[in-house]
Amino acid sequence: MRPETSPDYLNNRFAKEVEEQFNISGDIFCQAIENADGVPYQLIFGTGIGEGYFLNVGYGIKQLFGLTPGEFTEKLFQQMIEVIIPLNEDIPHDPVESREKIISGEIQKYKAEILVTTPGGEKKWIRDSSIPVIDDKTGKATGLLGIFFDISEHKQTLLQLEKAMERATESDRLKTSFLNNLSHEIRTPLNAIVGFSTLLGEPGQVPGSRMEFMDIITHSSDHLLEIVDDVVEISKIEAKIVRLIKKEVNLNQMLQRVYDRFKPAADEKNILFRYDAPMKEKEIIITTDGYKLFQSLTNLLSNAIKFTFEGKVEFGYSIKEDKIEFYVSDTGIGIGMEHQPNILKPFYQAESSSTKRYEGTGLGLSIAKAYIELLGGKIWFNSEPGEGSVFCFNIPDTRQMNG
Ligand code: ADP
């Protein structure tokens with residue numbers, strides 16, 4: 001028998017070929033993984049977590065963590081980890097426990113999403129999928145063979161989707177409660193109109209009460225019209241079809257008009273009511289959309305008076321750099337901290353419909369906010385429950401001084 005045909009020789013050659021082929025296919029395998037944007041790795045366990053070392057780490061690690069395969073150590077990797085979310089139920093959250101289970105062979109597939117901060121300070125979400133490498137003699141795992149995938153974009157999209165869902169649900173909920181509230185708000189003045197019109201038609205009314213009924217009917221009709229106007233306006237705002245109509249506006253005259261409008265309501269509630277304008281005696285002419293400015297002030301003041309039962313309501317303006325800053329302050333009920341982040345959103349009201357004590361549709365502030373932003377300004381507020389609120393907004397200073 002020729003030596004090269006002996007069974008030992010053949011066996012050795014076969015083993016060598018398999019090994020060579022394995023190396024080649026191992027390489028090709030790694031390339032295939034990297035081609036799929038994964039980073040292959042081999043981890044040899046040390047005596048504890050962070051004491052092992054990585055082998056055969058794919059070059060994609062540079063793009064993933066900003067590290068070369070040589071720089072990527074288990075210690076560094078452990079330091080980078082912020083959150084681990086195991087994807088299989090049998091994987092414990094605690095990394096030490098999970099390593100123990102891998103070594104003992106209890107976990108045969110490891111899958112987790114991991115949030116890391118790379119040494120360059122970047123936050124990344126990765127998916128770590130690996131299988132234990134088992135020592136035939138002991139039956140215990142000596143390391144892991146795995147792949148890292150960058151799932152940051154996917155996570156970002158998921159997060160945006162969740163936020164969009166939350167917003168949609170919240171806006172749905174607000175609109176439903178708005179519709180319930182609206183029907184209540186409309187019914188009240190409508191009932192008054194119908195009821196008192198019927199009474200007017202009945203014979204035997206004394207002239208004094210006829211006047212009183214007429215007043216109630218006029219007031220209720222105005223209120224109804226305001227509600228309808230607000231609903232139409234917010235739908236125009238949401239459809240982004242509201243346009244500015246800029247003209248010259250006499251600011252101090254406007255403030256006087258606003259004051260005259262709310263004075264009777266303030267007197268009725270025994271609230272001190274005043275306004276403050278610099279250079280009251282002068283004509284201050286600005287170029288702006290007077291209707292929207294008037295309406296914004298009106299909406300803030302109508303709330304201030306509605307939610308105040310003693311003390312005072314004040315409003316006014318001052319010039320601050322290149323802006324005119326307005327304020328409306330009250331010593332009313334204030335706004336609970338939990339409601340403050342939402343109060344400027346359309347349809348939002350601090351009171352739930354079941355406990356509602358105050359009139360309103362939840363549109364006034366959002367209309368004011370939209371108008372003020374269209375005018376080129378912004379709105380903000382400070383409020384202390386039980387103490388009162390101050391709403392401020394600014395618009396560009398487009399003054400021309402006369403006299
Ligand atoms: P509404 O028609 O309900 O007044 P708004 O949009 O004007 O609608 O206001 C939304 C909510 O903000 C009100 O329902 C109220 O809970 C709260 N709010 C607004 N202004 C004040 C204020 N000055 N004091 C206390 N709460 C206020």
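**Briefing: a six-strand sheet and its helices**

Apart from its neighbours within four places in sequence, Thr 118 is in contact with Leu 64, Phe 65, Met 80 and Lys 124. The model is a predicted one. In the model, an open sheet of 6 strands is paired in the antiparallel sense, and helices H4 and H5 are both in contact with strands of the sheet. Two helix pairs are also described below: H5 with H6, and H8 with H9.

**Thr 118 and Phe 77**

- Thr 118 sits in the loop between E4 and E5. Its relative accessible area is 6%, under the 20% cut-off, so Thr 118 counts as buried.
- Phe 77 belongs to helix H3, which covers residues 74-80. With a relative accessibility of 5%, Phe 77 is buried as well.
- Beyond its neighbours within four places in sequence, Phe 77 is in contact with Phe 54, Phe 65, Phe 72, Ile 114, Val 116, Ile 126 and Phe 148. Phe 65 is also among the contacts of Thr 118.
- From Phe 77 to Glu 212 the C-alpha distance is 81 Å, with a separation of 135 residues in sequence.

**The sheet**

- The strand order is E2-E1-E6-E5-E4-E3. Strands E2 (53-55) and E3 (81-86) are at the edges, and each has a single partner strand, so one side of each has no neighbour in the sheet.
- From one strand to the next, the twist averages 30°.
- In general, the strands of a sheet pair through backbone hydrogen bonds, in either a parallel or an antiparallel sense.
- The pairing of E3 with E4 (residues 110-117) is antiparallel and runs over 5 bridges. Ile 84 is placed opposite Ile 114 of E4. Ile 114 is also one of the residues in contact with Phe 77.

**Helices on the sheet**

- Helix H4 (residues 95-104) lies across E1 (38-44), E3, E4, E5 (123-134) and E6 (141-150). The direction of H4 is at about 120° to E6.
- Helix H5 packs on the sheet and touches E3, E4, E5 and E6. The directions of H5 and E5 make an angle of about 125°.

**H5 with H6**

- The axes of H5 (residues 152-201) and H6 (residues 207-238) come within 9 Å of each other and cross at roughly 155°. An angle over 145 degrees counts as roughly antiparallel, and H5 and H6 are therefore roughly antiparallel to each other.
- The H5 and H6 crossing is left-handed. Sorted by class, the residues in the contact of H5 with H6 are 17 nonpolar, 4 polar and 4 charged.
- Asp 222 is a residue of H6. At 43% relative accessible area, Asp 222 is partly exposed.
- Asp 222 and Pro 189 are 33 residues apart along the chain, and their C-alpha atoms are 9.0 Å apart.

**H8 with H9**

- H8 (residues 290-306) and H9 (residues 364-374) pack at about 150°, with 9 Å between their axes. H8 crosses H9 in the left-handed sense.
- H8 contributes Tyr 291, Lys 292, Gln 295, Ser 296, Asn 299, Leu 300 and Asn 303 to the contact. From H9 come Gly 364, Leu 365, Ile 367, Ala 368, Tyr 371, Ile 372 and Leu 374.
- By class, the residues in the contact of H8 with H9 are 8 nonpolar, 5 polar and 1 charged.

Terms used. Residues are numbered from 1 along each chain as its sequence is written. This is a predicted model: local features need pLDDT of at least 70, side-chain atom pairs count only at pLDDT 80 or more; totals for chains, interfaces and linings use all residues. Side-chain values use heavy atoms; hydrogens and water are left out. Axes are lines fitted to C-alpha atoms, for helices over the stretch in contact, and angles run from 0 to 180 degrees between N-to-C directions. Helices (H or I, at least four residues) and strands (E, at least two) are DSSP runs, numbered from the N terminus. Angles under 35 degrees count as roughly parallel, over 145 as roughly antiparallel, 65 to 115 as roughly perpendicular and the rest as oblique. A crossing is left-handed if the near helix is turned anticlockwise from the far one by less than a right angle, and right-handed if clockwise. Ala, Val, Leu, Ile, Met, Phe, Trp, Tyr, Cys and Pro count as nonpolar, Asp, Glu, Lys and Arg as charged, and the others, Gly among them, as polar. Two strands pair if DSSP finds at least two bridges between them. Contact means heavy atoms within 4.5 Å. Buried means under 20% relative accessible area, exposed over 50%, partly exposed in between (1.4 Å probe, protein chains only).
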